[in-house]
Amino acid sequence: MFERLGHLAFRRRRAILVLAALLMVACGVVGTGVFTSLSNGGFTDPGSDSTRAARQLATQIGRRDADVVVLIRSADHTVDQPAFRQAVTATIASLPPRHVAHVETYWTAPAPRLVSADRHATFAVLTLAGADDDARRADLHALEPALRTPRTGFTVRLGGEAVVYDAIDAQVKRDVERAELISFPVLLILLLLVFGGAVAAATPLLIGALTVVGALTVLRLLTLVTSVSVFSVNLVSMLGLGLAIDYALFVVSRFREELGRRNDVAAALAATMATAGRTVVFSGVTVALALASLLVFPAMFLRSMAYGGVAAVLIAVLASVTALPALLAVLGPRIDAAPVRRARRPARHASLRPGGWERVARVVMRHPWRVVLLVVPVLVLLGVPFLHAQLGGADYRALPARAESRGVAQQLRADFPQQGQSVLTVAITSGAPASSAAVRREVRAYLQRVARVPGIEGTTMLGQRGHLTAAALDLRDDPQTLSARRTLARVRAESGPPGTQVLIGGDTARSADLLGALHHRLPLMIAWIVMVTLVLLFLAFGSLVVPLKALAMNVLSLSAAFGSLVWIFQDGHAAGLLNFTPSGYLEASQPLLLFTVAFGLSMDYEVFLLSRIREHYDQTGNNTEAVAVGLQRTGRLISCAAVLLGAVLAAFTTSEIVYSKMLGLGIILALIIDATIVRSLLVPATMRLMGRANWWAPGPLLRFWERYGISETDEPDAARPAPRLPAGPSARSSDVAA
């Protein structure tokens, strides 16, 4: 199949390139407009009690969310003076009424919480009229000119949920643009060093650009039918550019190798597709299926990451096996044109000559137990900090310290002692009308009980409508802390009024409900990833042992990466160096996202390495020799691929959104651990210890694999040699380290 794909790409090369160019232009026009269609937030469970409470309050009482907080301060006046009231009243009166659903100020609803301790500042709370995030964003932009009109003697700063998410949206766009401006020149320099020629170096960048605009276009189309998080653009840029360049690196390198063997462009292209092309497709499917596991979670943020990640990976694969071979067919030997240094195309068996990677493998396989007993404890030790990981929800601290909306949130906490840290909203639905004396009496008694719960500082009635009563509970603690969630649990444990349904909402409830949903669905995600790994790696290598070892080593390497993230982002080490403010917890969805991305990439490189090992083992039956040769053939390429992907990710660690920084750095750490410890040390050591048992499978499964399996080989599909398996799992004398 893949050999035929190579021949087809050669015959139709110009038509394929013209179509790819047209698609790239069209996607460039459509895809780059995706930012105006993306949604904010997405860190909630849409089926949770907190979401149902918010929905009930919005439809029956009316939304009272703090979409915009207008913080007004004067050095010359206090809130008790008429000039202050006039300034606030004039500001509110200047707002276009169709964009505002509700306004609360110190003078419309007098409350101590609305006045600062020094009485020189107050804030107004605006609930925007829009029915969804996009409409509220438009409301905010319409109101900003009036809110920011200078008034002598007064300063006005804007905060609130809508302002925070609008700032995040704008910052993500700036971060992506900056990261791409940084990464493209760096990648070009690295590719010049890898290939030694400008043409070969530019080819992967073209495929990367095609992948990114194609994946952005897919996101734009998805926004027509579902909500897609703005954060998905970061993942599309990271994975789309990084994986496309990695895949192109493997394909171009194999093409140059085959061209040196055959000096026939058509034959070299067919052989490249039958080997590297086949493995690229298989590896890409593995990464895409790992990312698809995020779809089991209800949060829009994680589902959006699955959409963007799968789109980026599959388009990278598609471009690498269609547009790239067509381009190689046109270039032919000119792939080595415009050399920047003398390039030496490898001869047919150059990779079999002893080299650095082979020597590393042989040293490791002489002392496999020592390597395992040294490396495994190191990985476990690195993962220990993850045992005390604290998880929480997203808030204003995702923004850089200089962001105005973040500053407003911090100032409210510091200057308004009566403000409290957060609010729990209570929706009480009764069988009788809420205005009846009996219901009012029972509701009052219930609110008095919950007001005595430790951690609750007071209660406020929000209104009654029909059978619904709404109230607010002031929390003493930061809404994302464990103590706030314990207070929530105690409130929810209180029995509601007889014959009523009580739903608790608010920031703390949304975070707690999301954590519960993630915990509930986590086994499904793990089961999916385990099943995908077992099935796909068996199809690739005809073994049941290899997939189980891959799972174990990935768990070790990823736990080490997670432990490092806790040490850095939760505990705050290197916060100054990386320019972020530690919050004392990790946003709950980030470890899950990092796990799927890093797991997929680890499996990606595992497939490239083990495919070469399996190929040589099929030819010789010598496990130790196959490991040494496989590592020699792929060590440099995998290292180069990891460095190139790391360069892309490093550009994204410059992001001023802490979640993007965390994702980029987390994947870099996972790649470093995977490349320096797992691939170089643990894989050779464990494969030496298992010997020929690495390739064991029951007879029926082995026969199935011989007929339907997928592997990289220089031979045509029909001529793949049968594996040489011994009667027992123990190593034979031929399987001794050289």
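User: Before we look at H11, what counts as buried here?
Analyst: Buried means under 20% relative accessible area. Keep in mind that this is a predicted model.

User: OK, so how much of H11 is buried?
Analyst: H11 is mostly covered, with 8 of its 9 residues buried. Those buried residues are Ala-323, Leu-324, Pro-325, Ala-326, Leu-327, Leu-328, Ala-329 and Leu-331.

User: Which helices do the buried residues of H11 pack against?
Analyst: They pack against H1 (2-11), H2, H7, H8 (232-262), H9 (265-292) and H10 (300-321).

User: What follows H11?
Analyst: Gly-332 comes after H11, and its phi is positive, near 55°.

User: Let's take the H2 and H11 pair. How do their axes cross?
Analyst: The axes of H2 (residues 13-31) and H11 (residues 323-331) come within 9 Å and cross at roughly 130°.

User: Why are H2 and H11 called oblique to each other?
Analyst: Because of that crossing angle: roughly 130° is neither over 145, which would be roughly antiparallel, nor in the 65 to 115 range for roughly perpendicular. H2 and H11 are therefore oblique to each other.

User: And is the crossing of H2 and H11 left-handed or right-handed?
Analyst: Left-handed.

User: Which residues meet there, between H2 and H11?
Analyst: On the H2 side you have Arg-13, Ile-16, Leu-17 and Ala-20, and they meet Ala-323, Ala-326, Leu-327, Ala-329 and Val-330 in H11. By class, the H2 contact with H11 has 8 nonpolar residues, no polar ones and 1 charged.

User: Switching topic: where does Pro-204 lie?
Analyst: Pro-204 is in helix H7, which spans residues 198-222.

User: Is Pro-204 buried or exposed?
Analyst: Buried, as its relative accessible area is 0%.

User: What does Pro-204 touch, leaving out residues up to four places away in sequence?
Analyst: Pro-204 touches Leu-191, Phe-195, Ile-245 and Ala-248.

User: How far apart are Pro-204 and Val-252?
Analyst: In sequence, Pro-204 and Val-252 are 48 residues apart, while in space they are 8.2 Å apart, C-alpha to C-alpha.

User: Last thing, cysteines. How many disulfides does a search of the whole structure find?
Analyst: The search finds 0 disulfides.

User: And are Cys-27 and Cys-640 buried or exposed?
Analyst: Cys-27 is buried, with a relative accessible area of 15%. Cys-640 is buried too, at 14%. Both values are under the 20% cut-off, so both count as buried.

Terms used
Residues numbered from 1 in each chain as written. Predicted model: local features only at pLDDT ≥ 70, side-chain atom pairs only at ≥ 80, totals over all residues. Heavy atoms only, no water. Disulfide = S-S within 2.5 Å. Buried < 20%, exposed > 50% of the residue type's maximum accessible area, 1.4 Å probe, protein only. Axes fitted to C-alpha atoms, helices over the stretch in contact; angles between N-to-C directions. Helix = DSSP H or I, 4+ residues; strand = E, 2+ residues; numbered from the N terminus. Parallel < 35°, antiparallel > 145°, perpendicular 65-115°, else oblique. Left-handed = near helix turned anticlockwise from the far one by under 90°. Contact = heavy atoms within 4.5 Å. Nonpolar A, V, L, I, M, F, W, Y, C, P; charged D, E, K, R; others polar.
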